[in-house]
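Me: I would like to learn how to read a few features of a protein model, one at a time. Could you take me through them, giving the general idea and then the case at hand?

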Amino acid sequence: MTRLFIDGQFRAADKVEPVVEAATGHLLGQGSSATESELDDAVTAARTALDGWRSASPDERADVLNRFAAALKERTASTSELCTRENGMPIALSRGVNGSFPAALLHYYAEMAADSDVEEIRPSMIGHTIVRREPVGVVGAITPWNYPQALAVMKIAPALAAGCTMVLKAAPETALDALILGEAAAEAGLPPGVLNIAPGGAAAGAFLVQHPGVDKVAFTGSTVAGRLIGEVCGKLMRPVTLELGGKSAAIVLDDADLDVTMRGLKNASFVNNGQTCHLSSRILAPRSRYDEVVDAVAALAEGLSVGDPLEESTDVGPLVSSRQRDRVLDYVRIGESEGAKLVVGGSIPEDQPRGWFVSPTVFANVENSARIAQEEIFGPVVTVIAYDTDTEAVDLANDSEFGLGGSVWSSDTDRAINVARAVRTGTIGVNEYQLDIQAPFGGVKASGIGRELGPEGLAAYQTLKSIYCLRPTD
Ligand code: NAD
């Protein structure tokens with residue numbers, strides 16, 4: 001069995017770690033636990049491939065990336081099913097984010113790189129300056145398990161389109177699906193070493209971050225790990241993109257249509273079983289309609305279908321691991337001990353004794369300063385917090401260590417957009433929350449540094465060089 005993809009070849013890993021099915025606890029397979037020497041090999045392969053790949057024309061790179069996308073598309077069904085087994089994501093969602101989205105990303109960046117000039121000429125005092133966009137070099141990419149294919153390809157597509165090469169250290173929980181990227185890359189004819197895949201744990205990630213052969217680090221994961229990585233990159237003066245955690249607010253304005261709002265919050269506040277960085281997990285409700293909002297959110301949570309994530313109709317599947325389930329149940333106890341009112345959920349559903357399920361959970365009478373309102377729970381748990389004025393709602397939304405996502409719900413779009421403008425986050429939705437491939441995604445404050453998606457996502461893998469040219473004298 002092959003568990004690493006290095007220099008265009010699959011190879012057995014020296015150390016392995018079991019990958020377990022979230023819904024059943026059964027063994028799915030053995031993933032790699034990449035060792036330092038395997039990561040050395042991966043970085044060496046990426047460095048060796050760099051000159052050839054960055055000197056290929058953007059059109060040549062685009063052709064390969066488009067073939068890579070086609071090879072991923074052919075695997076959509078098997079990839080999305082495997083991801084669902086690994087992390088519990090409902091299959092309908094997995095088909096989109098792990099199936100079609102990665103291929104769309106590869107096409108998008110292939111086209112962007114092929115269509116954009118890498119050199120721009122600007123007049124200067126002495127003649128002209130050539131401003132060049134050059135690939136930053138070898139990228140060490142580290143991804144979590146919650147949206148494994150999407151988050152990996154949000155790095156792979158712009159990096160490779162820019163002419164960088166990469167070592168991807170995927171999370172151990174989703175070590176198996178990561179190798180599908182290697183299969184598709186090889187089938188597409190991606191030159192050996194351009195993309196290397198070495199799943200492993202935190203120690204492997206830390207080793208990659210400080211590796212002398214890495215020019216840039218691209219990380220998605222927790223704020224705790226992001227801070228450690230940021231420190232190392234700061235010391236090394238190594239460019240780094242950090243996509244971290246969140247505790248986003250859904251501001252329900254007093255004119256909101258609650259039917260429309262609840263249909264939207266089903267996605268914004270419960271997507272992927274709550275294992276989503278931009279989750280609108282703090283629902284801010286006008287005091288004048290507080291009970292009505294709490295009842296509506298409770299009805300929404302109770303109406304979600306919880307069960308087998310491979311079933312088409314399932315809204316909420318299991319959490320990724322017993323560790324994650326225990327963490328979420330701990331937060332339920334913390335919420336109760338803080339005096340919040342548990343309205344629905346808060347336990348393991350009786351009909352789901354296997355796997356790592358937690359019922360969709362709603363807390364009311366929550367203070368914004370409570371731990372369940374400030375800390376990222378990463379499960380299907382929402383808090384409903386009262387406010388009196390729009391200004392107070394914005395203040396509460398901003399009263400958070402994080403600043404990644406959020407949403408505003410209102411019958412008056414202009415009013416909602418004005419509220420959205422005042423919230424300090426990298427992204428925010430109006431009457432829906434949906435990422436846009438063409439717009440930068442990322443956070444402020446403890447939610448990170450840098451952006452992915454859109455042209456800004458490509459720029460994150462380019463470095464700028466100015467060549468000052470003296471005007472020739474005749
Ligand atoms: P995590 O930080 O524990 O792990 C994420 C990845 O980093 C894994 O591959 C892990 O092995 C690796 N890692 C852990 N410690 C490391 C270290 N010190 N050095 C290098 N690598 C290290 O996060 P998690 O619990 O697996 O994932 C959930 C977190 O990811 C949540 O906080 C979530 O909000 C965040 N996330 C953010 C985004 C975003 O775009 N902002 C997207 C998805 C998830």
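What follows is a dialogue on annotations, burial, backbone angles and a charged patch in this predicted model.

Me: Let me begin with the record, then: which residues does UniProt list for the domain "Aldehyde dehydrogenase"?

Reply: An annotation of this kind may be inferred rather than shown by experiment, and here the UniProt entry, which is unreviewed, lists residues 16–467 for that domain. In the model, the end C-alpha atoms of this span lie 48 Å apart, and the span is 43% helix and 20% strand.

Me: Where does UniProt place the feature "active site", and is that residue buried or exposed?

Reply: The unreviewed UniProt entry places the feature at Glu 243, a residue that the model puts in strand β11, which covers residues 240–243. As for burial, the word is reserved for a relative accessible area under 20%, and Glu 243 counts as buried because its relative accessibility is 3%.

Me: Turning to the backbone, which residues other than glycine have a positive phi, for instance Asn 272, and what is its value?

Reply: The idea is to look at the sign of phi together with the residue type, and Asn 272, which is not a glycine, has a positive phi of about 55°. Asn 272 sits in the loop that runs between α9 (258–268) and β13 (280–286), and with 2% relative accessibility it counts as buried.

Me: What is phi near in Phe 378, and where is the place of that residue?

Reply: Phe 378, likewise a residue other than glycine, has a positive phi near 65°, and its place is in the loop between α12 (371–374) and β16 (381–387). Its relative accessible area is 14%, so Phe 378 is buried.

Me: Let me end at the surface: which residues form the negative patch, and which helix gives the most to it?

Reply: In general one looks for residues of like charge that are joined within 9 Å, each with over 30% relative accessible area and no salt bridge. In this model the negative surface patch is formed by Asp 59, Glu 60, Asp 63, Glu 111 and Asp 115. Helices α2 (58–74) and α4 (91–115) each supply at least two residues of the patch, and α2 gives the most, with three residues.

Me: How should I read the accessibility of Glu 60, which is one of the residues in that patch?

Reply: Glu 60 is found in helix α2, and because its relative accessibility is 46%, it counts as partly exposed; the word exposed is kept for values over 50%.

How values were computed. Residues are numbered from 1 along each chain as its sequence is written. This is a predicted model: local features need pLDDT of at least 70, side-chain atom pairs count only at pLDDT 80 or more; totals for chains, interfaces and linings use all residues. Side-chain values use heavy atoms; hydrogens and water are left out. Patches are made of residues with over 30% relative accessible area and no salt bridge: like charges are joined within 9 Å, nonpolar side chains (Val, Leu, Ile, Met, Phe, Trp, Tyr) within 5 Å. Accessible areas come from the Shrake-Rupley method with a 1.4 Å probe; for residues, only the protein chains shown count as cover. A salt bridge is a side-chain nitrogen of Lys or Arg within 4 Å of a carboxyl oxygen of Asp or Glu. Lys and Arg count as positive and Asp and Glu as negative; His and the chain ends are not counted. The place of a charge is taken as NZ of Lys, CZ of Arg, CG of Asp or CD of Glu. Helices (H or I, at least four residues) and strands (E, at least two) are DSSP runs, numbered from the N terminus. Buried means under 20% relative accessible area, exposed over 50%, partly exposed in between (1.4 Å probe, protein chains only).
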